[in-house]
Amino acid sequence: MNYVSTRGGNENIVSAEAIIQGLSANGGLFVPTEIPTVDEAFLAGLTNASYQDRAKQVLSRFLVDYTQDEIDACVTAAYGDNKFDTAAIAPVYPLREKDAVLELWHGPTSAFKDMALQLLPQLLSTALKKTGEKSEIVILVATSGDTGKAALEGFKDVDQIKIAVFYPQNGVSEIQRRQMITQEGGNVTVLAVKGNFDDAQTGVKRIFNDTVYNEELRADGFKLSSANSINWGRLVPQIVYYFSAYADLVKAGTIAAGDKVNFVVPTGNFGNILAGYYAKRMGLPVNKFVCASNANNVLTDFLRTGVYDRNRTFHKTASPSMDILISSNLERLLYHVTGGNDAQVADWMQSLNETGRYDVGAEVLAKIQELFWADYADDETTLANIRKVFDETHYTMDTHTSVAEYVANTYRAASGDTDTVNVILSTASPYKFNQSVLEALVEKDTLEGKDEFAMLDCLAEISGLVVPPALASLKTAPIRHTTVCAKEEMPEVVKAYLNE
Ligand SMILES: *Cc1c(COP(=O)(O)O)cnc(C)c1O
């Protein structure tokens, strides 16, 4: 099995190369030439296995050019050593008889990005050794908050890699800012950019596209790369937790081996839900994938009509990690449901680029709808739903999870599917979005004058959940990164850091 571009061309490479390269030369995303399948015995074997063992078994089906020893070492480095606050890594919480919550936020930064960004750096570092790449890789990240911190934690002190993260000076929450400026590690730097997220992102893109600058870096032994969610090395770790959740449900007796379940996924870039699609194609028994969006409901419309149209107002919502109008990973789904029709995919992506819109037509839509169902929740609904679920079950959800939990119920009502167990993917600890969660749960005046640290304590009292130690300690953690730069200065700042 090799990896090829969703937009055709003659690249045909092993997974280690796809992970180093990130994006294909023609702008397409790397996809496996075959999707491996597993049998009932494989699934049964996962039931009593640890998360790490489940990961080793699933990953080895896709990363066929890695030795089992290499995969084992990567998995141990990513998910071992108490990096997660529970041995289960991604535990399943029984919310109601037929509703379970898959908690993906027990990692070092309390958000779902850790599931992939703990493993990607290990896969990348191993890939460099395997392919004999001698350059030092420099990861550049522009972040609106969560991804930057998760990338820093994942890449810190990993061999042959350096990482620089740019965040908008006044565009992240106080908790997010502190998480980043206190970052430890000998190979990391964190920089505030004067401006908003777009300024930071444009600055990073300009660096990637500056040929002369890239050549100068190469002469010094450095090669730029990115850690964003189109890299196959970020997608493949996410396939594991679909198998893991299923195995846990069988183990708990919630379902019998072979029963189908629904997965309900709060979606932005379509990476999380697409990992589930790969699990299903491998043989995991899934009935429907329910795609949950916030007010940026471009995917809801697409999955209902077959028309993807990004020409619409962008909303800043209470679930900011889903504020996305171009869901890049959808391209991989289109490739697979058209049976690998790369010319067709390239056409659609060109149309998206030029007009902001494409239409996949009735036949492709019907294929997609066999597996996917979609709905959305606006902010008012999302906050009211946090309250409702808390009042009914005493379970505290963050805003992203609430979007999914709400849509799980609209799916039940609309489809009449009341028998299948819904697995709701929970993508952030409620502490990560404590202000919105508290607005949902307490009277307004309770919050007046409270800073973000006081809010952590307030949420602890209400929810009964322990404040994640990494968040609690931020108040007193030493500040290590203080550089502020204009967006025009970003290239020089990166060079200065590399030449330190
Ligand atoms: C990134 C993120 C999402 C969206 O995941 P995609 O893979 O982009 O669809 C949802 N919730 C949270 C908290 C996230 O950080």
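Begin by selecting helix α14 (residues 330-337) together with helix α16 (residues 361-371), whose axes come within 10 Å and cross at roughly 105 degrees. Angles of 65 to 115 degrees count as roughly perpendicular, and α14 and α16 are therefore roughly perpendicular to each other. Keep in mind throughout that this is a predicted model.

Now show the side chains where these two helices meet. On the α14 side, select Leu 333, Leu 334 and Val 337, and on the α16 side select Val 364, Lys 367 and Ile 368, which they meet. Sorted by class, the contact of α14 with α16 has five nonpolar residues and one charged residue, with no polar residues.

Next, move to a second helix pair, helix α8 (residues 174-181) and helix α21 (residues 452-463), where the axes come within 9 Å and the crossing is at roughly 110 degrees. That angle makes α8 roughly perpendicular to α21. To display the contact, select Glu 174, Ile 175 and Arg 178 in α8, and then add Glu 452, Phe 453 and Leu 456 from α21. In this contact of α8 with α21 the classes are three nonpolar and three charged residues, again with no polar residues.

From the helices, turn to the ligand and select the residues around it. There are 14 residues surrounding the ligand, and the closest of them are Lys 113, Gly 268, Asn 269, Asn 272 and Thr 427. By class, this shell around the ligand has five nonpolar, eight polar and one charged residues.

Which atoms should be picked out around the ligand oxygens? Start with the side chain of Lys 113, where an N or O atom is 2.6 Å from an oxygen atom of the ligand. Then select the backbone of Gly 268, which has a polar atom 2.8 Å from an oxygen atom of the ligand. Finish with the backbone of Asn 272, where a polar atom lies 2.9 Å from a ligand oxygen atom. As a last view, display the surface of the ligand: taken alone the ligand exposes 380 Å², and the protein buries 96% of that.

Key
Residues are numbered from 1 along each chain as its sequence is written. This is a predicted model: local features need pLDDT of at least 70, side-chain atom pairs count only at pLDDT 80 or more; totals for chains, interfaces and linings use all residues. Side-chain values use heavy atoms; hydrogens and water are left out. Axes are lines fitted to C-alpha atoms, for helices over the stretch in contact, and angles run from 0 to 180 degrees between N-to-C directions. Helices (H or I, at least four residues) and strands (E, at least two) are DSSP runs, numbered from the N terminus. Angles under 35 degrees count as roughly parallel, over 145 as roughly antiparallel, 65 to 115 as roughly perpendicular and the rest as oblique. Contact means heavy atoms within 4.5 Å. Ala, Val, Leu, Ile, Met, Phe, Trp, Tyr, Cys and Pro count as nonpolar, Asp, Glu, Lys and Arg as charged, and the others, Gly among them, as polar. A residue is near a molecule or strand if one of its heavy atoms lies within 4 Å of it. A polar contact is a pair of N or O atoms within 3.5 Å; within protein, one must be able to donate a hydrogen and the other to accept it, and residues adjacent in sequence count only if both atoms are side-chain atoms. Accessible areas come from the Shrake-Rupley method with a 1.4 Å probe; for residues, only the protein chains shown count as cover.
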